Amino acid sequence: MTWVINASPLIVLGKINQLPLLDVLSDKVIVPQSVMNEIMMGMQQDSSVPAIMNWASRRTMPDIDIPSSILGWDLGQGETQVLSYAYSKQLGAILDDGAARAAAKSYRIPIVGSLGIILRARQNNHIPAARSLIEQLLAQGSYLSDELIEQALHKVGE
């Protein structure tokens, strides 16, 4: 499947050096220009930015017209573009933001988040274990409840 990725999963996966997982788990990853703009604006002083920008720049696509129904969700420009691409082109979306995920569900857009990427990688034997990467997600500021983490680890046999 082709996925369109938003800024926060791109950033957090980049910070834990796991962007290559996106390539092995998908046919293609699209980064809307608005997502690139958000990363450039919000992370100017972060040492992980060059690697993230290098990876993302090879997958960046111009922003597209936004369906009026998506505008009504009042999301950020990056989330809006991710949803617009996914909805208009029948693609999946990689989103961590709760409001954006709710919008995607309402349009029946397939979604996965940073945690889901790690779980899929573990299920497909692209990584030896999920626990340490989940701990790294938490260390980078991802919010995951203890219950969700335990359910996720149980799902992959850890």
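Buried means under 20% relative accessible area, exposed means over 50%, and partly exposed lies in between (1.4 Å probe, protein chains only). This is a predicted model, where local features need pLDDT of at least 70 and side-chain atom pairs count only at pLDDT 80 or more, while totals for chains, interfaces and linings use all residues. Residues are numbered from 1 along each chain as its sequence is written, and side-chain values use heavy atoms, with hydrogens and water left out.

**Exercise 1. The salt bridges**

Find the salt bridges in the whole structure, and say how well their residues are covered.

*Solution.*

Step 1: Start from the rule. A salt bridge is a side-chain nitrogen of Lys or Arg within 4 Å of a carboxyl oxygen of Asp or Glu. Side chains of opposite charge can pair when their charged atoms come close.

Step 2: Search the structure. Two salt bridges turn up.

Step 3: Take D23 and R59, whose closest N and O atoms are 3.0 Å apart. D23 sits in helix α2 (residues 20-25) and R59 in the loop between α4 (49-57) and β3, so this pair links distant parts of the chain, 36 residues apart. Helices (H or I, at least four residues) and strands (E, at least two) are DSSP runs, numbered from the N terminus.

Step 4: Check the cover. D23 has 35% relative accessibility, so it counts as partly exposed. R59 has a relative accessible area of 16%, so it is buried.

Step 5: Turn to R122 and E158, with closest N and O atoms 3.2 Å apart. Here R122 belongs to helix α8 (residues 114-123) and E158 to the segment after α10 (146-155), again distant parts of the chain, 36 residues apart. E158 is partly exposed, because its relative accessible area is 30%.

**Exercise 2. The sheet**

Work out the strand order of the open sheet, then follow the pairing of β1.

*Solution.*

Step 1: Count the elements. The protein chain has ten helices and five strands.

Step 2: Put the strands in order. The open sheet of five strands reads β3-β2-β1-β4-β5, with parallel pairing. Two strands pair if DSSP finds at least two bridges between them.

Step 3: Look at the edges. β3 (60-61) and β5 (111-112) each have a single partner strand, so one side of each is left without a neighbour in the sheet.

Step 4: Follow β1 (residues 2-5). Three bridges join it to β4 (residues 92-94), and the two run parallel. Three bridges also join β1 to β2 (residues 28-32), in the parallel sense.

Step 5: Match the residues. V4 has I30 as its bridge partner in β2 and A93 in β4. I5 stands opposite I94 in β4.

Step 6: See where the side chains go. T2 and V4 point one way from β1, W3 and I5 the other way, and all are buried.

**Exercise 3. Helix α1 and the core**

Decide how enclosed helix α1 (residues 7-15) is, and trace the contacts of L10.

*Solution.*

Step 1: Count the buried residues of α1. Seven of the nine are buried, so the helix is largely enclosed by the rest of the structure. They are A7, P9, L10, I11, V12, L13 and G14.

Step 2: Move to the largest nonpolar core. A nonpolar core is a set of buried Ala, Val, Leu, Ile, Met, Phe, Trp, Tyr and Cys residues joined through side-chain atoms within 4.5 Å. Among its 55 residues, L10 and L22 touch the most other members.

Step 3: List the neighbours of L10. Not counting residues up to four places away in sequence, L10 touches I5, L19, V31, V35, I39, I52, W55 and A56. Contact means heavy atoms within 4.5 Å.

**Exercise 4. The loop after α1**

Compare Q18 and N17 in the loop between α1 and α2.

*Solution.*

Step 1: Take Q18. Its relative accessible area is 16%, so Q18 is buried. Q18 touches L13, I127 and L133, not counting residues up to four places away in sequence.

Step 2: Take N17. Its relative accessible area is 62%, so N17 is exposed.

Step 3: Check the backbone. Most residues other than glycine have a negative phi. N17 has a positive phi of about 60° although it is not a glycine.

Step 4: Find another case. N125, in the loop between α8 and α9 (131-139), has a positive phi near 60°. N125 is exposed, with a relative accessible area of 61%.
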